[in-house]
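This report considers how oppositely charged side chains pair within a protein. Please look at the sequence and the structure before reading on.

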Amino acid sequence: MRLRPLGPGAPAVSAVGFGGMHLSVQGRPDEEAALRTLLTAFECGVTLVDTADVYCLGADEVGHNERLIARALRIWPGDPSGIVVATKGGMIRPDGRWERDARPERLHRACDRSLRALGVDAIDLYQLHQPDHQVPFEESVGALAELRQAGKIRHVGLSNVTVEQIRRAQAIVPVTAVQNRLNPFFREALETGVVAYCAEHGIGFLAYSPVGGGRLNRTLPAHPVLAPMAAELGVTAHQLVLAWVLAQGSTVLAIPSARSAANARASARAADLVLARADLDRITAASFDRS
């Protein structure tokens, strides 16, 4: 498994990580299947797992995905200290809705709850899930700085942010990683300079939804550019897209999700797929319909 630095002062991790969300939201597998999926990812060399307190069905089971990951790490025969777990705070799930709440006091409580759910003394990477437009951004980031100062988190991350917001956060606390959406359907992280800024500053860029997410990723096997290329190279269209995502920047890490061990294994194999420049250019130039 190819490794890349997670960010300044952080360890190197697998270029392809694992996004835990789909093991805990609508359509999730049963717990034993979910654990098999996580263990398969670990066995394939995945050393970065991304989660959030709100990866669950509703407010009554907040922390579901964190507890699941903690259980997988307890039963995994390998060394759990080699797995970096990233989680997030700043959202809530009232009646199953996704809403923002990044007030400092709320982030402090959420971090304490995540520490208990994960069963750790310090969280490897704690990320602001979304800037909350009802709360000054600097106050939310300041709470993460306080959590870091208190030793509850080792590294600070941001998610769904702009270059300007990254700069503002850096004035308060070292930023190790940024997690934004990136795939051929949605390229705003490239177009707005977030990926380039992260590369310039050595900040890990965690690409979420790297194969499109939801119904979009199901269109990939029949894509007119990807299908023949995949057949020629003996890989899947999804693996091609993951390789394209990784090629977009020197600090880019992909965190695809999976509901099955087979899909987790296939995604992990994409970490070692290096595409020729001509193939990357063909994917970049291709149209990816979002309708």
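The sections below describe the overall form of the protein and then its salt bridges.

## Overall form

The model is predicted. The protein contains eleven helices and twelve strands. Its C-alpha trace spans about 55 × 40 × 35 Å along the principal axes. For 291 residues, a compact globule would have a radius of gyration near 19 Å, and the 18 Å of the protein agrees with this.

Of the 291 residues, 56% count as buried. Among contacts with a separation of 6 or more, 74% are between residues 24 or more positions apart. The accessible surface comes to about 12,200 Å², and carbon and sulfur atoms account for 50% of this area.

## Charged side chains

The protein carries 31 positive and 30 negative side chains. The centres of these two sets lie 3 Å apart. How many salt bridges does the count come to? The count comes to 15 salt bridges, and three of these pairs are described below.

## A link between helices H1 and H2

Arg 71 and Glu 31 form a salt bridge through their side chains, with an N to O distance of 2.3 Å. Because Arg 71 lies in helix H2 (residues 64-75) and Glu 31 in helix H1 (residues 31-43), the pair ties together parts that are 40 residues apart in sequence. Arg 71 is partly exposed, at a relative accessible area of 27%, and Glu 31 is also partly exposed, at 41%. Both residues belong to a network of salt bridges that links Glu 31, Glu 32 and Arg 71.

## A link between a loop and helix H3

A salt bridge also joins Lys 152 to Asp 112, where the closest N and O atoms are 2.8 Å apart. Lys 152 is found in the loop between helix H4 (137-149) and strand S9 (153-159), whereas Asp 112 is in helix H3 (residues 104-118), so this pair ties together parts that are 40 residues apart in sequence. Lys 152 counts as partly exposed at 26% relative accessibility, and Asp 112 counts as partly exposed at 25%.

## A pair within helix H11

Asp 279 and Arg 282 meet in a salt bridge with an N to O distance of 3.3 Å. Both residues lie in helix H11 (residues 277-285), three residues apart, which is about one turn of the helix. Is Asp 279 buried or exposed? Asp 279 has a relative accessibility of 15% and therefore counts as buried, since the cut-off is under 20%. Its partner Arg 282, at 38%, counts as partly exposed.

How values were computed:
Residues numbered from 1 in each chain as written. Predicted model: local features only at pLDDT ≥ 70, side-chain atom pairs only at ≥ 80, totals over all residues. Heavy atoms only, no water. Salt bridge = Lys/Arg side-chain N within 4 Å of Asp/Glu carboxyl O. Helix = DSSP H or I, 4+ residues; strand = E, 2+ residues; numbered from the N terminus. Buried < 20%, exposed > 50% of the residue type's maximum accessible area, 1.4 Å probe, protein only. Rg over C-alpha atoms; globule rule 2.2 N^0.38 Å. Contact = heavy atoms within 4.5 Å. Areas by Shrake-Rupley, 256 points an atom, 1.4 Å probe, with all protein chains shown as cover. Lys, Arg positive; Asp, Glu negative; His and termini not counted. Charge placed at Lys NZ, Arg CZ, Asp CG, Glu CD.
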